[in-house]
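This report describes the fold of one protein chain, its nonpolar core and the empty spaces within it. The reader is invited to follow the account with the structure in view.

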Amino acid sequence: MHVLSPDSPFMRGLSNLIDAIWINILMLVTSIPVITIGAALVSGHDAARRAIIGEGHVTSNYFRAFRQNFARSTLIWLIFGPVAASLVASWIFLQITPLLIPKFAFTIVWIIGFEWVWALQARFENSFGRTLGNAYVFGVSHFVATLGMVAIDAVYLALIAACWRYMPQGLFLLLLMGYGTCVMLHIPLLERVFAPYTRQSAPVHDDANWLNGGTDSADDHPQADRRVTGIKPEQHA
């Protein structure tokens, strides 16, 4: 296959990168009021997944998800946002040795929830409490995927820190790629975990099949798993 063919891995990767940059821009713009950061994170996950499988247009997918998930994602952000601010303040201002263990523990708990809750809200229809609980069920039971997403985010933050110190001219490119690129890289990890709960029929796109772990049979996983976790597939509009 020619490298410049539309279906070549290079061109598909380039297309995904362009989509990730645009998703990042949309997330930045819609996060300006701060209170809408949760909705932006959920919409970014939804738009990134659909971009990878070639479903619809990025902008329309993003704003549809933003509108549909606004209330519940904002409620989730009202928990994660203030907790994040409190943790940052504690690391900066509370330099007390006995507090190190609690700070580490609460930070790890926050990170696990943060990595999963937005994808779950974007992917499934559940109550607020069930979505929050499932974030930790998935975060702990699929710890390798959790570590993978944390590693992606950590590498991105490390690159920003390195550019800030050694090559400031590269900051613009990194900020342009932004968290939208991290979300795009999270999607394969997330979808392979979600596959047993979302697979309804044979996918119609090669990337959809790859994201779902390379199989397209709905009978590969018992329905009991769905009852145990208490999640149900999202309902498309």
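The largest nonpolar core has 48 residues, and the members that touch the most others are Phe 80, Trp 116, Trp 118 and Phe 194. At least two residues of this core come from each of helix H1 (9–30), H2, H3, H4, helix H5 (128–141), helix H6 (143–166) and H7. H7 gives the largest share of the core, with 11 residues.

**The chain as a whole**

The model is predicted. Its protein chain contains nine helices and zero strands. Read from the N terminus, the order of the elements is α-α-α-α-α-α-α-α-α. The chain has 237 residues, of which 45% count as buried.

**A bent helix**

What separates helix H3 from a straight helix in its end-to-end distance? Helix H3 covers residues 58–93, which is 36 residues, yet its end C-alpha atoms are only 41 Å apart. A straight helix, at 1.5 Å a residue, would reach 52 Å. H3 also contains a kink of about 70°, and this kink is centred on Phe 70.

**Pocket and cavity**

Two kinds of empty space are described here. Rolling a probe the size of a water molecule over the atoms reveals where such space remains. A pocket is open, whereas a cavity is a space that the probe cannot get out of.

The largest pocket holds about 660 Å³ of space. It is lined by 22 residues, and those closest to its centre are Leu 41, Phe 114, Tyr 156, Leu 157 and Tyr 179. H1, H2, H4, H6 and H7 each give two or more residues to the lining of this pocket.

The structure also holds one cavity of 30 Å³ or more. The lining of the largest cavity consists of His 45, Asp 46, Arg 49, Ala 119, Ala 122, Arg 123, Ile 187, Leu 190, Glu 191 and Phe 194. At least two of the lining residues come from each of helix H2 (37–52), helix H4 (100–123) and helix H7 (171–198). Phe 194 therefore has two roles in this account: it lines the largest cavity, and it is one of the core residues that touch the most other members.

The table sets out the two spaces by volume, by the helix that gives the largest share of the lining, and by the classes of the lining residues.

| Space | Volume | Largest share of lining | Classes in lining |
|---|---|---|---|
| Largest pocket | about 660 Å³ | H6, six residues | 17 nonpolar, three polar, two charged |
| Largest cavity | about 50 Å³ | H7, four residues | five nonpolar, one polar, four charged |

**Two individual residues**

Where does Val 34 lie? Val 34 is in the loop between H1 and H2. Its phi is near 70°, a positive value in a residue other than glycine. Val 34 has a relative accessible area of 48%, so it counts as partly exposed.

Leu 100 belongs to helix H4. Is Leu 100 buried, exposed or partly exposed? Because its relative accessibility is 34%, Leu 100 counts as partly exposed; the buried class requires a value under 20%, and the exposed class a value over 50%. Leu 100 and Ser 90 are 10 residues apart in sequence, and their C-alpha atoms are 9.7 Å apart in space.

Definitions and conventions
Residues numbered from 1 in each chain as written. Predicted model: local features only at pLDDT ≥ 70, side-chain atom pairs only at ≥ 80, totals over all residues. Heavy atoms only, no water. 1 Å grid on protein atoms, 1.4 Å probe; cavity = no way out; pocket = protein on both sides within 12 Å on 5 of 7 lines; lining within 4 Å. Points joined across faces, edges and corners; volume = space filled by probe spheres on them. Nonpolar A, V, L, I, M, F, W, Y, C, P; charged D, E, K, R; others polar. Expected span 1.5 Å × (residues − 1). Bend = angle between axes of the 7 residues up to and from the residue. Core = buried A, V, L, I, M, F, W, Y, C linked by side-chain atoms within 4.5 Å. Buried < 20%, exposed > 50% of the residue type's maximum accessible area, 1.4 Å probe, protein only.
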